[in-house]
Amino acid sequence: MITIRKSAERGHANHGWLDTYHTFSFADYYDPQHIQFRSLRVINEDHVAGGGGFDTHPHRDMEIITYVVSGALEHRDSLGNHGVIKPGEVQRLTAGTGIQHSEFNHSATEPVHLLQIWILPDKTFLHPSYEQKAFADEPSNGRLRLVAAKDGRNGAVTINQDVNVFLGKFGPGDVATRHLKPDRHAWLQVINGDLLLNHNKLKMGDGAAVSDESSLKIVGNEKTDFLLFDLN
């Protein structure tokens with residue numbers, strides 16, 4: 001079964017410096033039908049104006065993944081980490097017992113477009129930690145690139161949950177098939193462009209919840225970027 005979450009149905013808030021869309025309930029947006037999907041708790045698509053950003057704030061007991069689509073995001077945290085996330089890079093923050101961080105547009109003039117994802121960890125009270133890795137910011141030609149996984153295999157960032165996160169950067173006609181093991185689920189989030197998921201057309205900003213499917217066939221209709229989550 002595939003249930004499509006249309007882009008226009010997401011929660012939306014425009015604060016001037018921040019234009020944000022919420023796939024699941026977040027902050028002042030609450031939808032009892034869309035609290036989370038499995039361990040996937042948050043998918044926020046943020047557009048932050050030049051010079052804008054999030055002041056220092058706390059998190060705990062959450063795996064936070066940040067993926068920059070365009071522009072650059074500057075990060076600081078209470079562990080002493082300081083860096084800039086650029087397109088093609090993935091950051092993982094384990095909030096664990098507690099961490100504080102800030103995120104600001106690295107540019108004073110150009111916007112930054114990013115997705116921030118929260119995943120519920122398989123254990124609470126973990127030691128806070130940080131990781132950032134670069135992946136090729138180029139077409140994947142029908143290949144699903146593993147960017148986050150519990151075992152950190154193939155150069156992926158390591159997350160404390162049985163989830164595999166794949167990045168696809170497809171061109172027209174690119175095809176990938178992902179087989180799902182029994183009792184596994186998936187979520188696909190389109191970032192740019194459009195694609196076919198088992199013959200269901202998904203457009204920019206659309207998401208799809210997948211359960212009770214043995215395999216997924218993803219076909220690029222045009223140049224498209226997306227994230228695929230394989231979940232327990």
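A pocket, as the word is used here, is an open set of grid points with protein on both sides within 12 Å along at least five of seven lines. With that in hand, let's walk through this predicted model, starting with its second largest pocket, which has a volume of about 150 Å³. Its walls are made by D137, E138, P139, K169, F170, G171, N192, K223 and D225. Sort those residues by class and you get two nonpolar, two polar and five charged.

Now for the largest pocket, with a volume of about 350 Å³. It has 21 lining residues, and the closest to its centre are L18, H22, F26, A27 and F54. Several strands give two or more residues to this lining: strand 2 (11-14), strand 3 (18-22), strand 4 (40-48), strand 5 (53-59) and strand 11 (112-119). Strand 5 has the largest share, with four residues. As for chemistry, the lining has nine nonpolar and nine polar residues, plus three charged ones.

What about space that is closed off? Rolling a probe the size of a water molecule over the atoms shows where empty space is left. The structure holds one cavity of 30 Å³ or more, and about 40 Å³ of space lies in the largest cavity. Around the largest cavity sit R10, T23, I43, E45, L115, Q189, V190 and I191. By class, that makes four nonpolar, two polar and two charged residues. Strand 4 and strand 17 each supply at least two of the lining residues, and the largest share, three residues, comes from strand 17.

Strand 17 is worth following further. Spanning residues 185-192, strand 17 pairs with strand 20 (residues 207-210) in the antiparallel sense, over four bridges. If you want one of these pairings to click on, try A186, whose bridge partner in strand 20 is V210. Strand 17 is also joined to strand 22 (residues 224-231) by seven bridges, again running antiparallel. Here you can look at W187, which has F229 as its bridge partner in strand 22. Strand 17 is mostly covered, with seven of its eight residues buried.

Step back and these strands fall into place in an open sheet of seven strands, with mixed pairing and the order 1-20-17-22-15-13-14. Strand 1 (2-5) and strand 14 (157-158) stand at the edges with a single partner strand each, so one side of each has no neighbour in the sheet.

One last stop is R184, in the loop between strand 16 (175-179) and strand 17. Is R184 buried or exposed? Its relative accessibility is 12%, and the cut-off for buried is under 20%, so R184 counts as buried. What does R184 touch, leaving aside its neighbours within four places in sequence? R184 is in contact with D162, V163, N164, D230, L231 and N232. With D230 there is a side-chain to side-chain polar contact of 2.9 Å. R184 and S211 are 27 residues apart along the chain, yet their C-alpha atoms are separated by 7.2 Å.

Conventions
Residues numbered from 1 in each chain as written. Predicted model: local features only at pLDDT ≥ 70, side-chain atom pairs only at ≥ 80, totals over all residues. Heavy atoms only, no water. 1 Å grid on protein atoms, 1.4 Å probe; cavity = no way out; pocket = protein on both sides within 12 Å on 5 of 7 lines; lining within 4 Å. Points joined across faces, edges and corners; volume = space filled by probe spheres on them. Nonpolar A, V, L, I, M, F, W, Y, C, P; charged D, E, K, R; others polar. Pairing = 2+ DSSP bridges. Buried < 20%, exposed > 50% of the residue type's maximum accessible area, 1.4 Å probe, protein only. Contact = heavy atoms within 4.5 Å. Polar contact = N/O pair within 3.5 Å; in protein donor to acceptor, adjacent residues only side chain to side chain.
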